[in-house]
Amino acid sequence: MLKFQHKLIIAFISFVLIPIIILGVVSYKISSTTLQKNISEQMIQTLKAVDRNLLAAVSEVNSFSDYVVSSTAIQDYLNTQNTSSIYEFYSNQQEIAGKMYGNSQIDNLVLYTNDGNVITYTDDRVTSLDTLRSSLFLDKVLQQKGRPVWLTPYENQNLFFSQDYILTQSRVVKDLNTLDNLGYLILQVKLDLFDPIFKDIYGGPSHELIVNKAGTVLYSLNRNFIGKTLDIQSFSEFPTNKSGYFTDEWDGEKSLITYMPSSFETGSNSQLILVSIKPLKTIASEVVNIRNTMLVVVGFTVLTAGLFNLLYLKRISRFIHELLIRMKQVESGRLSKRMGRFKFQELQNISQGFNNMIGKLQQLMSDIEIEQERKREAQFRVLQQQINPHFLYNTLESINALAALNGQREISKMTINLGKLLRISINGGYEVNVKDEIRHVISYLEIQKIRFNNRFSFEVDVEEELNNSPVLKLILQPLVENVLNHAFSNTDDEERLIKIRGRVSNSQGEFWIEDNGKGIDEHVLMELNQWKLENHHTQTSNGHGVRNVDERIRLFYGEKYGLIICSTKNEGTIIKISFPIKGD
């Protein structure tokens, strides 16, 4: 079973320490989630700005290509493929080239006729028209009916011979009058077009990418990422029509990944997604402060709990433990035990109050014992003195009656026995030896034989070892008197016999008084037994001496001793008296 001190510690941990830890963990989680959400929302706004800048840069290239495809020289050349006016065409070429080089992002311009002729403004080797047709690339261009089609650096590497990562814009050149297809225009744009846009993003160390739905990186400031697939487990769950964020492993560390769909349309039905990847450790400084604060609070709480246990709970538990011990000792009757002294004034007041209470209880118990002893002695004396007048009156009446007669011998004998009775009844303490009690009852029976004209006889048989044992005096005479007054009253002249036996049995003394009288009525016997059970006087005329003797024995020796009465109608009565022998 747990000690009280341990229960207090467990209660402190359960109701104070654990809630603080839970509060700290929940606060940490909420703060971390809130911070991630705020940073992601800020990053989405940044990506929206990036997307707008992308559209602006692409629009500038689109405007240039619009100028080229609507150029009169290009229209005439593609319509007639007539180079007779070489000077005019060359002059227009120089004008276009001037515009192209004026726009530093455009690296090359390639013009294809429907017959496969190629005009390029650089000396770089270009892909033939047949190769482009076999790649189905031109089919996508034709589907757009003159609108620009963009290829990202990763997508155009297999079509063009440039070793650098470039952006490619392709479109069909339409006849401005008939809208017939005249040829194809391909512009190769440097990645410098996008680099300034992504370099302007502020927010600490992060990676901003353009990816397609398959997770392939189409653009990144770090060219090593281009062409690689995002190694993010949750990328397949990207919704392509809305923005969002989540956390996942990237490049070996936990990262916050923010995404949004781009408005930049390539024209090839490939949805582009802007992605920002920011390591969590770079944004978690505020959360780390919360975590550290929580750890400090928990540590301080644990330290406080330890000091609280040492300085307060331990003393209180020791006080309660000692109080319980003293209470159990007092409960077992050891009223001399007292509580010690304690430093806490409240505990000292309780300790002093307990000691005062036990002192008063001890005094009260002592007073009660003295009072009970006095009551017992007074009651015992009253009960004992009830016998003397009762018998003396009858004896004196007998002597008075005999004195009227001329039987001097009987008077002498009665007087001698009366003296013996008075000597034992009036003098001495509460107890006499068994042999003296026997002599007392014999003297009484001798007197009564004379009084009743020898109508009864008696026998006395006492074991020798019982003769010198002390016994409460005047316990046999009242019972014998009860026999003479009740058992032998109104009887015929048949010989009546009283037997008195004494013996030692089961380490206690016993007297057996047996008569062959008329017995005790059943209802009287029940009243006597009921009185013994309820321990109060039954107001009957019979058995006054029986109750007197039984109550005195129980008062003097204890409840385990007393009388047992057995009787049968018209056959007689047996009374057993039990009392402790010396040393019991």
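Contact here means heavy atoms within 4.5 Å of each other. The model is a predicted one, and its nonpolar interior makes a handy place to start.

The largest nonpolar core has 39 residues, and those touching the most other members are Leu54, Leu111, Leu185, Phe194, Phe198 and Leu274. Two or more residues each come from helices H1 (4-69), H2 (72-80) and H6 (195-199), and likewise from strands S1 (106-113), S4, S5 (181-190), S7 (217-220) and S10 (272-279). H1 chips in the largest share, with 10 residues. Take Leu54: setting aside neighbours within four places in sequence, Leu54 is in contact with Phe194, Ile197, Phe198, Ile210 and Leu274. A second core, of 38 residues, lies apart from the one just described, and its members include Val434, Phe456, Val483 and Leu525.

Strand S4 (residues 166-174) also holds a polar residue, Gln169. Gln169 counts as buried because its relative accessible area is 0%, with the cut-off for buried set at under 20%. Its side chain makes a polar contact of 2.4 Å with the side chain of Asn62. Beyond neighbours within four places in sequence, Gln169 is in contact with Val61, Asn62, Ser65, Pro148, Val149, Trp150, Leu185, Ile186 and Leu187.

Then there is the outside. In soluble globular proteins, nonpolar side chains tend to be buried together. Even so, Leu303, Leu307, Phe308, Leu310, Leu311 and Tyr312 make up a nonpolar patch on the surface, with a combined accessible area of about 570 Å². One of them, Leu311, sits in helix H7 (residues 285-331). Leu311 is classed as exposed because its relative accessibility is 52%, the cut-off being over 50%.

How values were computed:
Residues numbered from 1 in each chain as written. Predicted model: local features only at pLDDT ≥ 70, side-chain atom pairs only at ≥ 80, totals over all residues. Heavy atoms only, no water. Helix = DSSP H or I, 4+ residues; strand = E, 2+ residues; numbered from the N terminus. Buried < 20%, exposed > 50% of the residue type's maximum accessible area, 1.4 Å probe, protein only. Polar contact = N/O pair within 3.5 Å; in protein donor to acceptor, adjacent residues only side chain to side chain. Patch = residues over 30% accessible without salt bridge, like charges linked within 9 Å, V, L, I, M, F, W, Y side chains within 5 Å. Areas by Shrake-Rupley, 256 points an atom, 1.4 Å probe, with all protein chains shown as cover. Salt bridge = Lys/Arg side-chain N within 4 Å of Asp/Glu carboxyl O. Core = buried A, V, L, I, M, F, W, Y, C linked by side-chain atoms within 4.5 Å.
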